[in-house]
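Look over the sequence and the coordinates before reading on. The report below takes the model part by part.

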Number of protein chains: 2
Amino acid sequence: MTGIRRLAQHLDISIGTVSRALNGRPDVNEETRKRVLEAAAELGYVPNQSGRSLRQGTTNIIGFMMQTGAEITGQGDTFFMSVFDGVQTVFARHRLDLVALLCSSQEDPDDYLRRVVARGFADGLILSATQRHDPRLEFLAKRKIPFATLGRSLTDVGQPWLDLDFEGMAQTAIDRLVAKGHRRIAVTRPHDDVNLGYIFVDQAASALAAHGLSLDPDLVFRSTPNEAGGYQIARELLSKKDRPTAILLVNESIAIGFYRGLSEAGLKPGRDIAVIGRHSPQTHFLSPSLTGFELSRRDLGIALAEALLATMPAFSHFYPNAELRKIWREELIEGESDAFLLPPA
Amino acid sequence: MTGIRRLAQHLDISIGTVSRALNGRPDVNEETRKRVLEAAAELGYVPNQSGRSLRQGTTNIIGFMMQTGAEITGQGDTFFMSVFDGVQTVFARHRLDLVALLCSSQEDPDDYLRRVVARGFADGLILSATQRHDPRLEFLAKRKIPFATLGRSLTDVGQPWLDLDFEGMAQTAIDRLVAKGHRRIAVTRPHDDVNLGYIFVDQAASALAAHGLSLDPDLVFRSTPNEAGGYQIARELLSKKDRPTAILLVNESIAIGFYRGLSEAGLKPGRDIAVIGRHSPQTHFLSPSLTGFELSRRDLGIALAEALLATMPAFSHFYPNAELRKIWREELIEGESDAFLLPPA
DNA sequence: CATAGTACCGTAAACGTTTACGGTTGTCGA
DNA sequence: TCGACAACCGTAAACGTTTACGGTACTATG
């Protein structure tokens with residue numbers, strides 16, 4: 001005699017009643033429910049998830065898909081970890097099991113997702129590193145799997161998403177640099193088709209245009225979103241004939257490599273070139289200090305989780321007015337890296 | 001009609017045979033097996049994991065437990081991610097589902113683990129951040145859950161573990177610094193009871209003793225294993241009356257904060273103080289370049305996964321001679337940060 | 001007092017697998 | 001021809017839940 005049956009026998013009531021009592025169904029005497037709960041605690045009874053899953057067709061698991069591997073390491077990590085932490089706290093409230101699904105860089109994200117779904121692994125998913133055109137979204141929509149994304153996509157299937165205000169960042173940064181006299185401004189973007197790259201570069205271009213300037217295609221640097229990418233950008237930039245006087249770094253970790261690249265050439269941010277980037281726990285320790293954008297990733301994670309739950313029938317009533325789509329403004333932390341004032345031409 | 005039953009009906013054979021065919025049982029005609037496999041592919045049949053789990057009492061999931069959250073972020077991340085990548089490739093071979101279980105800093109790791117186990121979540125576990133005395137190990141051993149740890153512990157319950165050669169690192173680094181004339185050498189250790197801290201400090205002490213020197217307790221700095229911790233160490237160190245001339249950093253990320261702390265005081269590693277640390281993707285971009293230890297984390301992950309599988313009855317025959325306990329040597333990458341030569345006293 | 005309604009509970013089917021057991025067929029040697 | 005054996009396959013029970021359905025006892029209402 002095991003599981004719920006044992007509990008029922010011990011209490012001398014039927015397993016149906018025990019199940020109802022534990023699941024908070026209304027049609028059970030409060031007195032009985034109390035007895036059941038006590039006995040469950042006493043006997044250390046924990047419902048078998050396989051049994052529940054089989055019967056209900058749900059797994060109680062929410063998966064947070066991230067990428068990992070050589071190309072990404074340094075990026076994937078710190079940012080998503082912090083967001084994850086926020087997500088975690090929300091799902092814990094509902095006794096949902098949140099796990100991280102790390103797609104190795106060796107594997108195609110689409111294939112990976114297909115496997116996860118075919119396996120019926122999770123009741124809901126959170127996707128990150130949203131591509132400009134992202135087949136994963138259509139795939140999930142077709143399968144009617146609840147999901148939310150961290151990042152917008154042109155592939156819009158009506159899912160909830162949260163994103164950072166890349167437009168705002170580009171605009172603010174460009175305005176700021178132009179105000180300081182810069183005319184030749186470089187920007188970076190990820191090496192792949194992550195949507196934020198497009199958004200960022202487009203907005204930078206139009207912000208420049210508003211000042212009567214244009215974005216030199218030669219000054220758009222592509223790189224992996226990690227330190228190595230930043231280093232490589234610095235090397236490329238330094239090899240240019242007509243060197244820019246300022247640069248906008250879209251990813252966080254690249255600032256670290258970029259600094260290093262400059263320093264090897266005897267250059268210093270804020271003296272020889274103006275740098276505006278984005279902050280992570282690491283970048284706060286750069287020297288000279290980085291001027292960059294920052295926000296609470298944990299809060300972002302919380303909002304992301306709530307947005308997802310709001311679209312899941314079983315939980316939606318908990319979040320009647322969750323924001324399903326929101327762009328999070330980042331705050332500019334002023335540092336020394338853009339102190340550079342262009343000498344009058 | 002769904003699932004295996006549908007497949008059986010389509011083939012006009014019994015579900016038992018279908019199951020046996022799919023699971024590679026010997027007592028099924030190879031011809032039949034071929035037909036089943038083809039039909040399964042054609043109809044896109046994927047066995048329902050809940051059904052299997054319920055029947056077999058296994059979940060097909062392996063969990064990799066890591067810590068996350070404010071205190072850790074910066075550390076947890078890059079190191080474990082890379083290891084995870086290696087682990088992933090091994091488990092994928094066996095069609096096991098590997099997930100990351102991220103224990104938030106807000107939660108007690110013991111409690112978290114208890115929940116995971118009570119829930120019957122995984123068939124096997126990998127634990128990281130092993131404490132000097134780690135109740136989690138005894139807990140898992142009692143429950144007879146297969147697991148392996150990344151890091152030794154005094155709590156030895158016979159589980160497989162892999163670890164880094166902290167003794168070797170301490171020894172090599174001390175010898176090297178002493179040879180350069182240093183007498184007053186500081187070391188760091190994590191703020192909590194992670195075992196590696198004890199190992200590292202003990203070995204550093206005995207390495208110093210071999211040179212007729214002793215480790216000043218006042219020069220053992222505790223900190224969180226992230227950039228902020230390194231920064232704090234720098235501040236503390238600089239406030240000392242009798243400042244050390246060299247320091248050994250046990251964690252990777254702290255070098256970044258430490259550099260920053262020095263730089264704010266106008267000091268430079270390799271000129272004003274000798275620094276030996278450990279390398280991560282980030283630290284390669286420090287300037288002056290860091291002298292530190294490095295190894296392939298991915299390979300470590302592969303070995304870790306194989307060690308775990310070797311102790312799981314269902315998989316052990318795949319890894320008849322896996323190394324169940326191994327200490328991985330790290331390689332010293334020479335940089336400029338310990339170029340500092342002590343002037344003759 | 002009869003009836004309707006309510007509050008609570010028990011029964012049993014169903015979810016999709018795996019696997020022990022036994023049955024059928026065919027082969028081969030005595 | 002018969003028995004033993006092998007090779008293959010079908011049957012049905014079991015894993016631990018949830019939940020639709022129906023039943024009982026009690027209360028309220030006319």
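What follows covers confidence, the pairing of the chains, the DNA contacts and some backbone details.

## Model and confidence

This is a predicted model. Chain A has an average pLDDT of 93. A score of at least 70 is reached by 97% of its residues. Within chain A, confidence peaks in strand S8 (residues 246–248), at 98. Confidence is lowest in helix H5 (residues 76–93) of chain A, where the mean is 84.

One stretch of chain A calls for care. Across residues 70–76 of chain A the pLDDT is below 50. This stretch still makes 29 contacts in the model beyond near neighbours in sequence. Where pLDDT is low, predicted coordinates should not be read in detail.

## Two copies and their symmetry

How does chain B map onto chain A? A turn of 180° with a shift of 0.0 Å along the axis lays chain B on chain A. The RMSD of that fit is 0.1 Å. The two copies are thus related as by a two-fold rotation axis.

## The chain A–chain B interface

Chain B puts 52 residues into the contact, and chain A puts in 51. Of the interface residues of chain B, 98% are also interface residues in chain A, so the copies meet through the same surface.

Together the two chains bury about 4,100 Å². Carbon and sulfur atoms account for 61% of that area. Which residues of chain B lose the most area to chain A? They are B:Met81, B:Arg119 and B:Phe285. Together these three make up 19% of what the chain B side buries.

## DNA strand D

DNA strand D is surrounded by 29 residues. The closest are A:Ile4, A:Arg5, A:Ser19, A:Arg55 and B:Thr32. By class, the surface near DNA strand D holds eight nonpolar, 13 polar and eight charged residues. Of the strand D atoms within 4 Å of the protein, 62% belong to sugar or phosphate. The rest belong to bases.

Polar contacts reach both backbone and base. An N or O atom in the side chain of B:Thr32 sits 2.7 Å from a phosphate oxygen of DNA strand D. A polar backbone atom of A:Asn48 is 3.2 Å from a phosphate oxygen of this strand. A:Arg20 addresses a base instead: a polar side-chain atom lies 3.4 Å from a base nitrogen of DNA strand D. Several elements give two or more residues to this surface. From chain A they are helix H1 (3–11), helix H2 (15–22) and helix H4 (49–56). From chain B they are helix H2 (15–22) and helix H4 (49–56).

## DNA strand C

DNA strand C also has 29 residues around it. Nearest are A:Thr17, B:Ile4, B:Arg5, B:Ser19 and B:Arg55. The surface near DNA strand C comprises eight nonpolar, 13 polar and eight charged residues. Sugar or phosphate supplies 62% of the strand C atoms within 4 Å of the protein, and bases supply the rest.

Three phosphate contacts can be placed here. A polar side-chain atom of B:Ser19 lies 2.5 Å from a phosphate oxygen of DNA strand C. A backbone N or O atom of A:Asn29 is 2.9 Å from a phosphate oxygen of the strand. For a polar side-chain atom of B:Thr2, the distance to a phosphate oxygen of DNA strand C is 3.1 Å. Which elements give two or more residues to the surface near DNA strand C? Chain A gives H2 and H4, while chain B gives helix H1 (3–11), H2 and H4.

## Backbone details

Each chain has a cis peptide bond to check. In chain A, the bond from A:Ser287 to A:Pro288 is cis, with omega near 0°. A:Pro288 is in the loop between strand S9 (274–278) and strand S10 (291–294) of chain A. In chain B, the bond from B:Ser287 to B:Pro288 is cis, again with omega near 0°. B:Pro288 lies in the loop between strand S9 (274–278) and strand S10 (291–294) of chain B.

A:Asp12 is not a glycine, yet its phi is positive, at about 60°. A:Asp12 falls in the loop between H1 and H2 of chain A.

Methods. Residues are numbered from 1 along each chain as its sequence is written. Chains are lettered from A and ligands numbered from 1 in the order in which they are written. This is a predicted model: local features need pLDDT of at least 70, side-chain atom pairs count only at pLDDT 80 or more; totals for chains, interfaces and linings use all residues. Side-chain values use heavy atoms; hydrogens and water are left out. A residue is near a molecule or strand if one of its heavy atoms lies within 4 Å of it. A polar contact is a pair of N or O atoms within 3.5 Å; within protein, one must be able to donate a hydrogen and the other to accept it, and residues adjacent in sequence count only if both atoms are side-chain atoms. Helices (H or I, at least four residues) and strands (E, at least two) are DSSP runs, numbered from the N terminus. Ala, Val, Leu, Ile, Met, Phe, Trp, Tyr, Cys and Pro count as nonpolar, Asp, Glu, Lys and Arg as charged, and the others, Gly among them, as polar. pLDDT is the predictor's confidence in each residue, from 0 to 100. Contact means heavy atoms within 4.5 Å. Copies are superposed by least squares on the C-alpha atoms of residues with pLDDT of at least 70 in both. Buried area is the accessible area (1.4 Å probe) that two parts lose on being put together, summed over both.
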